[in-house]
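Biologist: Got a minute to go through this model with me? I'd like to talk about the gaps inside and the packing around them.

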Amino acid sequence: MFGYINPDSPYLFKKDETLYKALYCGMCKSIGAGCGSFPKTALTYDIAFMSALLHNIANCDVKIEKRRCALHPIKSRGMATPDDISVLLGCVNTVLAYYKLLDDRADGDKKGVFAFLYRRGFKRALKRHPQVAEIVGRQIEGQRGLERAGCAVIDQACEPTAVMMRELSRYALGEFATEHTDALTYDIGKWVYLADALDDYDKDVKKGRYNVLYNAFKLPDKERAAKEHGEEINFIFNALFADMRLRLANIKFHFNHDLTDNIILRGIPLKTRKLVYGKCGEGTKKENEQT
């Protein structure tokens with residue numbers, strides 16, 4: 001995962017903030033249980049969000065208990081107890097981190113040299129959930145093929161990541177998967193890919209690496225791309241947000257879903273404005289000027 005999925009904190013209820021932190025700490029424990037200690041270093045809030053979403057849809061109650069950990073040895077804190085869903089997601093996080101570092105290495109990024117540190121955790125994830133490694137490996141290979149071909153079609157470039165998220169959620173949810181959960185997680189995967197492309201736009205141009213937004217717009221920096229193609233960029237994201245709202249309205253949640261609603265309906269659009277325009281306030285102003 002990439003670490004882009006966050007709540008809109010000022011509008012987050014205290015109970016949901018507590019749950020979110022417990023899920024995050026619980027995912028750390030779950031990664032350790034499934035893949036070993038070192039892969040915990042790849043933990044992001046993205047996977048904590050997926051834990052909240054999938055537990056709720058699958059009617060799997062989150063059990064929270066006070067525990068200490070190596071990073072916080074003095075004061076105990078609420079942590080979600082590892083279960084089948086969180087351990088599976090820990091394997092997903094480890095496999096994604098390993099493949100991301102392999103991809104970095106292929107791109108000549110210095111971070112790629114650390115891939116070997118995740119190899120043991122990857123093997124443990126592969127043994128526990130081979131389907132996860134198969135899904136991720138297949139879609140990443142499809143992504144590489146599009147990148148090698150210099151794909152300049154935004155929707156086409158997003159497809160492997162979007163399909164990967166849909167297939168992973170379907171595997172994790174089992175009988176609870178529906179066309180609407182498929183579509184929601186597809187949208188989230190597409191958004192994550194585009195968010196990463198926006199975030200890395202200037203760096204990719206500078207280093208001569210593939211970036212679908214640069215290939216589509218052929219502009220030397222993100223600021224100019226946002227200025228000259230802001231209407232098109234906003235249309236793409238607004239279409240995603242509209243579909244996310246539609247899917248949320250048609251998914252059966254078994255528990256309170258204030259946390260995931262905050263992240264999907266407020267946090268993701270907020271992060272998008274920051275990525276496109278830099279400052280949230282500036283982004284809101286420019287978006288209003290274009291509409």
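Biologist: Leaving out residues up to four places away in sequence, what does R209 touch?

Modeller: Keep in mind that this is a predicted model. R209 sits in the loop between helix 8 (201-207) and helix 9. Not counting residues up to four places away in sequence, the residues R209 touches are D107, D109, K203 and D204.

Biologist: Does R209 count as buried or exposed?

Modeller: The cut-off for buried is under 20% relative accessible area. R209 has 15% relative accessibility, so the label for R209 is buried.

Biologist: On to the empty space. How many cavities of 30 Å³ or more are there, and about how much space lies in the largest cavity?

Modeller: Rolling a probe the size of a water molecule over the atoms shows where empty space is left. Here the count comes to 3 cavities of 30 Å³ or more. For the largest cavity, the space is about 80 Å³.

Biologist: Which helix gives the most to the lining of the largest cavity?

Modeller: The lining has 11 residues, and the closest to the centre of the cavity are M50, L89, V92, M165 and L168. Helix 2 (45-57), helix 3 (84-106) and helix 6 (154-173) each supply at least two lining residues. By class, the lining of this largest cavity splits into 10 nonpolar, 1 polar and no charged. With 4 residues, the top contributor is helix 6.

Biologist: And the second largest cavity: which helix has the largest share of its lining?

Modeller: That cavity has a volume of about 50 Å³, and its lining is made up of I154, L194, L198, L213, F217, I233, I236 and F237. The class tally is 8 nonpolar, no polar and no charged residues. At least two lining residues come from each of helix 7 (179-199), helix 9 (212-217) and helix 10 (222-249). The largest share, 3 residues, comes from helix 10.

Biologist: What about the largest nonpolar core: which helix gives the most to it?

Modeller: In soluble globular proteins, nonpolar side chains tend to be buried together. The largest nonpolar core in this model has 84 residues, and V136, I188, W191, L213 and F237 have the most contacts inside it. Giving the most to this core, with 12 residues, is helix 3.

Biologist: Leaving aside neighbours within four places in sequence, which residues is I188 in contact with?

Modeller: I188 is among the residues with the most contacts inside the largest nonpolar core. Apart from neighbours within four places in sequence, the contacts of I188 are I5, F49, L53, M165 and M244.

Notes: Residues are numbered from 1 along each chain as its sequence is written. This is a predicted model: local features need pLDDT of at least 70, side-chain atom pairs count only at pLDDT 80 or more; totals for chains, interfaces and linings use all residues. Side-chain values use heavy atoms; hydrogens and water are left out. On a 1 Å grid over the protein atoms alone, a cavity is a set of points where a 1.4 Å probe fits but cannot get out, and a pocket is an open set with protein on both sides within 12 Å along at least five of seven lines; lining residues have an atom within 4 Å of a point. Grid points are joined across faces, edges and corners, and a volume is the space filled by probe spheres set on the points. Ala, Val, Leu, Ile, Met, Phe, Trp, Tyr, Cys and Pro count as nonpolar, Asp, Glu, Lys and Arg as charged, and the others, Gly among them, as polar. A nonpolar core is a set of buried Ala, Val, Leu, Ile, Met, Phe, Trp, Tyr and Cys residues joined through side-chain atoms within 4.5 Å. Buried means under 20% relative accessible area, exposed over 50%, partly exposed in between (1.4 Å probe, protein chains only). Contact means heavy atoms within 4.5 Å.
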